[in-house]
Amino acid sequence: MSNTVHRRRPPTSLAVAVDLVIFTVRGGRLQVLLIERGNMPYRGETALPGGFVRDGEALDAAARRELREETGVVGDSLHLEQLHAYGDPGRDPRGRIISIAYLALGPDLPMPQAGTDASAAHWTPVSSILDGQTPLAFDHEKILRDGLERARSQLEHTTIAAAFCKEPFTIADLRQIYEAVWGAPLDPSNFRRKVMKTQGFVMPIGERRLPDVGRPAALFRRGLAATLTPPLTRSGGMSASR
């Protein structure tokens, strides 16, 4: 039998944080909530809202607290789900920090109010980040891109697009959500046909919205279905001809 003594390495010091990718559609554009960091590291730089999880605090509770403290947005009215865990060594200069990212979606959310360690909070078009105009601190651009792809996929397979719409809404309102999130125009007739054929996606309320011009549009609320069968795929022939 070997006399070699195997010594255990001391456990690596870890900290756990939450970061939030919060999307809304404002002015027909997909926008994400960003903060200006008030503390080091990356003081003065743009980042996703978030912070450390407190002792004895659940992850979901930490995400809602950070959202409220850093931006003034109350998360109870949002769709909120865990996105992914990020823990690559070196992602944070303060040490080994694992972040649990959350994806949040809400309809035309209000202007945020900065607080705690955020010196400013604002809505920013997602396109400005994707094209490099708005760089993000840490690995937050990767987190945002992952959140965007999750949101785009969710619109294909679930009824979550209605979470972006204030009720009641028209089919045109719903189509504009898809166009903003997917980043492509859709054929109105094809979109309406697919939505109306998908059982439980939307429910008519028996009222119409009077437009400035044209015919009144039927109003709907979100239906009881959670998934779309068949899905409304990005490659499913709904794109408008250019």
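**Fold, helix packing and loop geometry in a predicted model**

At a relative accessibility of 29%, Tyr 42 counts as partly exposed, and this residue of the predicted model is found in the loop between strand 2 and strand 3. Tyr 42 has a positive phi of about 60° although it is not a glycine. Just before Tyr 42 in the numbering, the loop between strand 2 and strand 3 also holds Pro 41, and the peptide bond that leads from Met 40 to Pro 41 is cis, with omega near -5°. Both features stand out against the general pattern, in which most residues other than glycine have a negative phi and most peptide bonds are trans.

The ring of Tyr 42 forms an aromatic pair with that of Phe 138, one of three such pairs that a search of the whole structure finds. The pair is edge-to-face, with 4.7 Å from centre to centre and 70° between the planes. Because Tyr 42 belongs to the loop between strand 2 (29-37) and strand 3 (46-47), whereas Phe 138 belongs to the loop between helix 2 and helix 3, the pair ties together parts that are 96 residues apart in sequence. Phe 138, with a relative accessibility of 17%, counts as buried, since the cut-off for this class is under 20%. A positive phi is found at Phe 138 too, about 55° in this case, although Phe 138 is not a glycine.

The loop between helix 2 (126-130) and helix 3 (140-157) also contains Thr 134. The relative accessibility of Thr 134 is 17%, so this residue counts as buried. When neighbours within four places in sequence are left aside, Thr 134 is in contact with Leu 34, Thr 46, Thr 124, Ser 128 and Ile 129.

Considered as a whole, the protein has five helices and nine strands, and its elements run from the N terminus in the order β-β-β-β-α-β-β-β-α-α-α-α-β-β. Of its 242 residues, 44% count as buried. Among the contacts with a separation of 6 or more, 66% are accounted for by residues 24 or more positions apart.

Helix 3, which follows the loop of Thr 134, has 18 residues and reaches 26 Å from its first C-alpha to its last, close to the 26 Å expected at 1.5 Å a residue. Its buried residues include His 140, Ile 143, Leu 144, Gly 147 and Leu 148, and towards the C-terminal end of the numbering also Ala 151, Gln 154, Leu 155 and Glu 156. In the loop between helix 3 and helix 4 lies Pro 168, where a cis peptide bond is again found, this time from Glu 167 to Pro 168 and with omega near -5°.

The 12 residues of helix 4 should span 16 Å at 1.5 Å a residue, and this agrees with its end C-alpha atoms, which are 16 Å apart. Buried in helix 4 are Ile 171, Leu 174, Arg 175, Ile 177, Tyr 178, Ala 180, Val 181 and Trp 182. These buried residues are covered by several elements, including strand 1, strand 2, helix 3, helix 5, strand 8 (202-209) and strand 9 (217-222). Just after helix 4, Gly 183 takes a positive phi of about 75°.

Helix 4 (residues 171-182) packs against helix 5 (residues 188-197) at an angle of about 105°, with the axes 10 Å apart. The two helices, helix 4 and helix 5, are therefore roughly perpendicular to each other. On the side of helix 4 the contact is made by Ile 171, Leu 174, Arg 175 and Tyr 178, while helix 5 contributes Pro 188, Phe 191, Arg 192, Val 195 and Met 196. Sorted by class, this contact has seven nonpolar, no polar and two charged residues. Tyr 178 and Phe 191 also belong, together with Trp 182, to one aromatic cluster.

Two further positions in loops bring together residues that are separated in sequence. Gly 28 lies in the loop between strand 1 (15-26) and strand 2, and with a relative accessible area of 52% this glycine is exposed. Gly 28 and Ala 180 are 152 residues apart in sequence, yet 6.3 Å apart in space, C-alpha to C-alpha. Ser 77, in the loop between helix 1 (59-71) and strand 5 (79-86), counts as exposed at 58% relative accessibility. From Ser 77 to Gly 106 the separation is 29 residues in sequence and 7.4 Å in space, C-alpha to C-alpha.

Note on methods
Residues numbered from 1 in each chain as written. Predicted model: local features only at pLDDT ≥ 70, side-chain atom pairs only at ≥ 80, totals over all residues. Heavy atoms only, no water. Helix = DSSP H or I, 4+ residues; strand = E, 2+ residues; numbered from the N terminus. Buried < 20%, exposed > 50% of the residue type's maximum accessible area, 1.4 Å probe, protein only. Contact = heavy atoms within 4.5 Å. Phe/Tyr/Trp six-rings, centres within 6.5 Å; stacked < 30°, edge-to-face > 60°. Expected span 1.5 Å × (residues − 1). Axes fitted to C-alpha atoms, helices over the stretch in contact; angles between N-to-C directions. Parallel < 35°, antiparallel > 145°, perpendicular 65-115°, else oblique. Nonpolar A, V, L, I, M, F, W, Y, C, P; charged D, E, K, R; others polar.
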